[in-house]
Amino acid sequence: MSVFFNKFRIGFIFFICAVGLVYVYVKFVKLAFYPQKKTITAPVTIERGSITDRNGKPLAVQTNFYHFVVTPKLIKAPDEFAEKVCEPLNMGIQEITQKIQNAKNANFIYIKKKISQEQYNELIKIIDENNYYNFTRFDKIPGRLYPENSLASQLIGYMGDDGTGLSGIEYSKQNILSPEPSPDATGTIHGSNVYLTIDSGLQYKLEKIAKKSMEETQAESLMLVAADAKNGEILSYISLPSANLNEYTSASTQEMTDRASVTAYEPGSVFKIFSVASFLDSKSITADDSFLCDGLYQRRTSAGETIRITCLDHHGWLNARSALKYSCNDALAQMSEKITTEEFLSYIRRFGFGERTGVELPSETRGSVKNQNDRYWSARSKPTMSIGQEISVSALQMVQAATVLANKGVQIKLTFIKKIADIDGKTEYEHEPTYGNRVLKSSTADYLLSCMETTAKSGTGTRASLRDISIGVKTGTAQMADTVNGGYSNTDFLSNCMAIFPIENPQIVLYIVIEKAKGETYAGRIVAPVIAKAADEIIDHLGINREGAASLEHSGRITIKENLPLSIGKVVPDFTGRPKRDLIPLLARDDLNFIIKGEGWVCAQSPEPGTPITENMTIELDLE
């Protein structure tokens, strides 16, 4: 019985093995004579979206770059090779030869990274003509071209070699510009185009003014922000010095720094407009209350500490309006005694200080607003905060706080994004104004605007006043921190000025900061005039009605002037009615910049006829 069972078991095992061998043989035959079809998934290509200004002018566009790679040990004649390729690479023969010889045993080296499409095309011809294929190759990488170079560079930002944004909008809108593909995606995926709120034409004009101001004051840095007071859209955003985005890797840290967003500083006297607004709105003081300035605010605390805050002058009796007009420290410190600490800090925070504005930029600072439980809080904190010390802010916070005054007491959220659209132009997002909570009563906001107008007409901001449109300003000069010895520096100052215009119907908030100017540092003398120049450019560029502008009814007929040669002397001539052909010779002038828009005859110009000619003046002519 057992013998029979063993024979049966052995036979069964042989049978199973035979079946297994037959199965393997059949599978082998199938694989050998009938190969299986392979499914090849095409790689996904992501086309990064563009960044443009509000009018669609390209500021950052997709392109391709190439790394030029060689295998040194396979190059038999390095000198000859270097001589052939040096011109399209914009490199010296010796430089190329040295690179090859220093790595003669290496499998590969980069001769040059990020060469352009044009350079690549030239090199391909050379490689083809000389049969250099066995030791050369190109690594294609996604690239970015920035047509306007350094214009608004910190806002636009920069994209790295791996296709990822590293700063600015390139970083914060990475997922919109270059979306992650889904697991089943194939072919080309197009990112969306981001339209910024800035106007590149206006940005160019204001940057020109800002750069000239930096040169004249020999300042270390400058910030200038212009925003639409009605909807919070930022029309111009300047941080100098700035980087050329097409040469970003060689830029300095100073050029890369987005000061208006990431830098926190003590604003000094400009902050007084928000302090006085808090005092008045809380009814801690009235507009008629008077305070005696004898040049020194001095108070002894219950703890025996003596607080001293000096003023620039002995102003005598002042109310809120005149205290702002003369920027009186003594009067402001006295006013701060009338409001409770809790209520004062509450207003400051409601203005937005101590919190990020939430704009579409990375690494925005919160600034710093102390509270009573802070270890650094003292009896002098409230009066010194009221004059813009012991508090740190950003330029963006200052602009957003000013929208409260410009918008009847209600804050408007700032933004850099006008709209987002797909590759076909279909709008995916369009900005609508976002209003915050009410910060001030409407009457308080209106009163502060009138105080700022007084300051522009007859106070510390007279150099910011405009001849034919109402403007309100507040200037401030603050000692900067001494980072070496502690306390405040006796040589480094921050000069800033806030402007809102027109006063009767605010449309623009304009703010400038100049840091570490050499020589003159008083804000009323160095930043107020820049505000006037920048405001003039904004008014003309946006077509804001000037009080002195003539309003005429046009018959539809254009009278053509006698075709005499144009002559430009000491003042801007009247170009109206001139045909475009008369303007062509003007483009050859190197002392004036002409911007000609449209076709036909000149129907409008800026600046107006009779304006004194200055070197490198820009003259805009509209034709129809």
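Here is a quick tour of this protein chain, from its overall make-up down to a few backbone details. Keep in mind that the model is predicted. The chain has 624 residues, and 49% of them count as buried. Its secondary structure comes to 20 helices and 23 strands. Among contacts in the chain with a separation of 6 or more, 68% are between residues 24 or more positions apart.

**A five-stranded sheet**

- Start with an open sheet of five strands, which pair in the antiparallel sense in the order S9-S8-S20-S19-S18.
- The edges belong to S9 (234-240) and S18 (472-481); each has a single partner strand, so one side of each has no neighbour in the sheet.
- On average, neighbouring strands here are turned by 10° against each other, if you ignore direction.
- S8 (residues 221-228) pairs with S20 (residues 508-515) through eight bridges, in the antiparallel sense.
- To find your way into the S8 and S20 pairing, look for Val 225, which stands opposite Tyr 511 in S20.
- Helix H19 (residues 528-542) lies across S8, S9, S18, S19 (488-501) and S20, and it runs at about 145° to S20.

**The S18 and S19 hairpin**

- Strands S18 and S19 make a hairpin, with six residues between them.
- The two strands run antiparallel and are joined by nine bridges.
- One pair to look up is Ala 478 and its bridge partner in S19, Leu 494.
- In the turn of the hairpin, Gly 486 has a positive phi of about 85°.
- Is S18 enclosed or open to the outside? Seven of its ten residues are buried, so the rest of the structure largely encloses this strand.

**Two nonpolar cores**

- The largest nonpolar core holds 94 residues, and Leu 196, Met 335 and Phe 353 have the most contacts inside it.
- Helix H16 (residues 395-406) supplies the largest share of this core, with nine residues.
- What does Phe 353 touch? Leaving out residues up to four places away in sequence, its contacts are Phe 271, Phe 274, Ile 348, Val 369, Val 393, Gln 397, Met 398 and Ala 401.
- Another core lies apart from the largest one; it has 38 residues, including Ile 471, Ile 508, Ile 526 and Ile 544.

**Helix H2, a helix with a buried face**

- Helix H2 (residues 78-89) has twelve residues, which at 1.5 Å a residue should span 16 Å; the end C-alpha atoms sit 15 Å apart, so the two values agree.
- Its buried residues are Pro 78, Phe 81, Ala 82, Val 85, Cys 86, Pro 88 and Leu 89.
- Why do these buried residues line one face of the helix? Looking down the axis of H2, you find them within an arc of 160°, so they share one face.
- Glu 83 and Glu 87 are exposed, on the face of H2 that is turned away from its buried side.
- The cover over the buried residues of H2 includes strand S3 (58-70), helix H3 (93-102), strand S4 (109-115), helix H4 (117-130) and strand S5 (136-145).

**Two asparagines with positive phi**

- Just after H2 comes Asn 90, with a positive phi of about 55°.
- Asn 90 sits in the loop between H2 and H3, and its relative accessible area of 64% makes it exposed.
- Asn 131 also has a positive phi of about 55°, although it is not a glycine.
- You will find Asn 131 in the loop between H4 and S5.
- Buried or exposed, which is Asn 131? With 58% relative accessibility, Asn 131 counts as exposed.

**Two cis peptide bonds**

- The peptide bond from Leu 240 to Pro 241 is cis, and its omega is near 0°.
- Pro 241 belongs to the loop between S9 and helix H9 (253-256).
- Further along the chain, Ser 606 and Pro 607 are joined by a cis peptide bond, with omega about 5°.
- Pro 607 is in the loop that runs between strand S22 (602-606) and strand S23 (617-623).

Definitions and conventions:
Residues numbered from 1 in each chain as written. Predicted model: local features only at pLDDT ≥ 70, side-chain atom pairs only at ≥ 80, totals over all residues. Heavy atoms only, no water. Pairing = 2+ DSSP bridges. Helix = DSSP H or I, 4+ residues; strand = E, 2+ residues; numbered from the N terminus. Axes fitted to C-alpha atoms, helices over the stretch in contact; angles between N-to-C directions. Contact = heavy atoms within 4.5 Å. Core = buried A, V, L, I, M, F, W, Y, C linked by side-chain atoms within 4.5 Å. Buried < 20%, exposed > 50% of the residue type's maximum accessible area, 1.4 Å probe, protein only. Expected span 1.5 Å × (residues − 1). Arc of directions from axis to C-beta.
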